[in-house]
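Me: I am new to this structure. Please show me how to read its features, one at a time.

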Amino acid sequence: MTLTLEAAPQLIRVRPLLRVTGLHKRYGQTQAVRGVSFELYPGEVLGIVGESGSGKSTVLRLLNLEETPDGGRFELGETPDVFALTRQERRAVQVHQIGIVYQNPHLGLRLRSSASGNIAERLLSAGERRYGALREAASTSLAASEFPLARMDDPPLVLSGGMQQRVQLAKATALSPRLLLLDEPTTGLDVSVQARVLDTLRTMQRAHQVSMIVVSHDLGVIRTLADRVLVMRGGLVVERGLSDQVLDDPQHPYTQELVHAKL
Amino acid sequence: MTLLTVTDLSKRFHIHHLEREVAAFGELSFTLRGGEFKRVSGANGAGKSSLLRCLYRSALPTGGRAIYASLRGEIDLARAHDADIALLRREEIGYVSQFLRPRPRTSALRLVAEGLGTAGVGAAGLNTAGLNTDEAVDAAQELLSELGLRRELWPAYPSTFSGGEQQKVNLARALVRPQRLLLLDEPTASLDAQARTALSRRLKTLKEQGVALLGVFHHPGDVAGLIDGEIRVSAPSSVQAQEVTD
């Protein structure tokens, strides 16, 4: 029906930053993720779309080492398989190389500690102990996330949804991770707030060439942020391609349905 | 130097909910050299835009080859890995669509300057690597004023602009960055006379610099004197809306 694309790039000579092979995850009888494989090149943004239950968020939790997979390899940078590391080594990878922003700020933040304290916590876990350095790094990171510094000592509990996402972003990027994971980062925000948070994400990505994986059910978010996209359904990747190609010339029946259902 | 060699390229859209295939264009062959400007012509629905999109890979070709002589080596655009295409879009191949897709809360000036911001990635030599933000903004301003977008609109969000104003932003965004192959899909459709003249001047300069140009122009008069050849596209009627039985 269509040409088969090359299995590997010919022009890009750098190695992928990340390569996931044959990822599997089961919850009881449910196969949440069934043999998912993909690569991410340095500086690239990969989107994962799909409806609830497609397995997209599970993929992200597995990459963030919050859960143990039932099968698969996770090559990250020079590490041939992060899943095969000891618990302690995995913890080090999670702290130093991976940052994550959740849809729900409860998962990523202590809502009653100050915004700056939340970021300091991340730096503390990496070994920084000097108060001045912690404070300075927290404010740099918050500023980069376009968070108003006048409010850096407020707890996230009293901040708006958009501000909470900025605190999460500042925390996730405080240690300049090689991989930034975003799980529905703007879902549930007001439209105008969503646009501004997306704008911050894009600006940051462009300025620092952050390698990102963004999970969203919102095709607009994917089009705005992602270079390439995976479409997931029932734990499988049913289609993959450049974002504009998948959204404008979808091949799989499910992707065609998804694209046509968009308002 | 031949930059692009297209052989038997074709595109059919498979529309699942109709269980049908719709042919966009049939087997098409042509070449394009650096500094050459060819016009894609054909009736409405003949597949002119689809041809450009297949080369930019915002659509997937169904068959054939499109060998492109990249600075990094030869590659078949019809089959290349997505990551390679993404790289070529950053470094060598540009595309001007018929319409701007404004991004919420992003000013006209930033949309244009941003086109330069990412071009340095990968350092292919040809690029604007090393241009800092101020220089990118200068280049963007120069192009916007050349195309005649009023200065007071530069910091505004283009979502509320008229069609013609949006198209100026769209053009500036695509033209601000150096390319080796530029694909133009009816860029003059909604432009006023000043912008059409400015565009034609800019395309002439690009042509002289050796950029290969391929474009759909509703009014070929807009680029008169620049066109070196024509590629006629037609949807193959025999397979049009063919029933699919798989």
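Me: Let us start with A:Thr173. Is A:Thr173 buried or exposed?

Reply: Look at relative accessibility, and keep in mind that this is a predicted model. Buried means under 20%. A:Thr173 has 16% relative accessibility, so A:Thr173 counts as buried.

Me: Where does A:Thr173 lie?

Reply: A:Thr173 is part of helix 6 of chain A, which spans residues 161-173.

Me: Which residues does A:Thr173 touch, not counting those up to four places away in sequence?

Reply: With those sequence neighbours left out, the contacts are A:Ser141, A:Ser145, A:Leu180 and A:Met204.

Me: Now the sheet. In what order do the 6 strands of the open sheet in chain A come?

Reply: Read the order across the sheet, not along the chain. Here the order is 5-6-7-3-8-9, and the pairing is mixed. Strand 5 (98-101) and strand 9 (236-242) of chain A are the edge strands, each pairing on one side only. From one strand to the next, the twist averages 15°.

Me: How does strand 8 of chain A pair with strand 9 of chain A?

Reply: Check the sense, then the bridges. Strand 8 (residues 228-233) and strand 9 of chain A are antiparallel, with 6 bridges. One bridge partner pair is A:Met232 and A:Val237. Another residue, A:Val231, stands opposite A:Glu239 in strand 9 of chain A.

Me: What joins these two strands, 8 and 9 of chain A, in the hairpin?

Reply: There are 2 residues between them. In the turn, A:Gly234 has a positive phi of about 55°.

Me: How many bridges join strand 3 of chain A to strand 8 of chain A?

Reply: Strand 3 (residues 45-49) and strand 8 of chain A run parallel, joined by 4 bridges. Within strand 8 of chain A, A:Val231 stands opposite A:Val49.

Me: How many residues of strand 8 of chain A are buried?

Reply: Count them against the strand length. In strand 8 of chain A, 5 of the 6 residues are buried, so "mostly covered" fits.

Me: On to salt bridges. How many does the structure hold over all chains?

Reply: The total is 34 over all chains. For any one pair, look at the distance, the place in the chain and the burial. Take A:Glu44 and A:Arg228, whose closest N and O atoms are 2.6 Å apart. A:Glu44 sits in the loop between strand 2 (30-40) and strand 3 of chain A, while A:Arg228 belongs to strand 8 of chain A, 184 residues apart.

Me: Are A:Glu44 and A:Arg228 buried or exposed?

Reply: A:Glu44 is buried because its relative accessible area is 4%. A:Arg228 is buried too, at 7%.

Me: What parts does the pair A:Arg15 and A:Glu75 tie together?

Reply: Their side chains meet in a salt bridge at 3.4 Å, N to O. A:Arg15 lies in the segment before strand 1 (18-27) of chain A and A:Glu75 in strand 4 (residues 71-76) of chain A, so parts 60 residues apart in sequence are tied together. Burial is read for each partner. A:Arg15 counts as exposed at 52% relative accessibility, whereas A:Glu75 counts as buried at 15%.

Me: Now the nonpolar cores. Which residues touch the most other members of the largest one?

Reply: Look for the best-connected members. In this core of 41 residues, they are B:Leu4 and B:Leu55. Among the elements of chain B that each supply at least two residues are strand 1 (2-15), helix 1 (48-56) and helix 2 (82-91). Beyond residues up to four places away in sequence, B:Leu55 touches several others, including B:Leu4, B:Phe30 and B:Leu214. A second, separate core has 37 residues, including B:Leu111 and B:Val223.

Me: Last, the interface. How many residues of chain A are in contact with chain B?

Reply: Start with contacts, then area, then charged pairs. Chain A brings 38 residues into contact with 44 of chain B. About 3400 Å² is buried between the chains, 55% of it on carbon and sulfur atoms. The rule finds 5 salt bridges across this interface. B:Arg110 and A:Asp199 form a salt bridge at 3.1 Å, N to O. Both belong to a salt-bridge network with A:Arg202, A:Arg206, B:Glu114 and B:Arg173.

Definitions and conventions
Residues numbered from 1 in each chain as written. Chains lettered and ligands numbered in written order. Predicted model: local features only at pLDDT ≥ 70, side-chain atom pairs only at ≥ 80, totals over all residues. Heavy atoms only, no water. Pairing = 2+ DSSP bridges. Axes fitted to C-alpha atoms, helices over the stretch in contact; angles between N-to-C directions. Core = buried A, V, L, I, M, F, W, Y, C linked by side-chain atoms within 4.5 Å. Buried < 20%, exposed > 50% of the residue type's maximum accessible area, 1.4 Å probe, protein only. Contact = heavy atoms within 4.5 Å. Buried area = accessible area lost by both parts, 1.4 Å probe. Salt bridge = Lys/Arg side-chain N within 4 Å of Asp/Glu carboxyl O.
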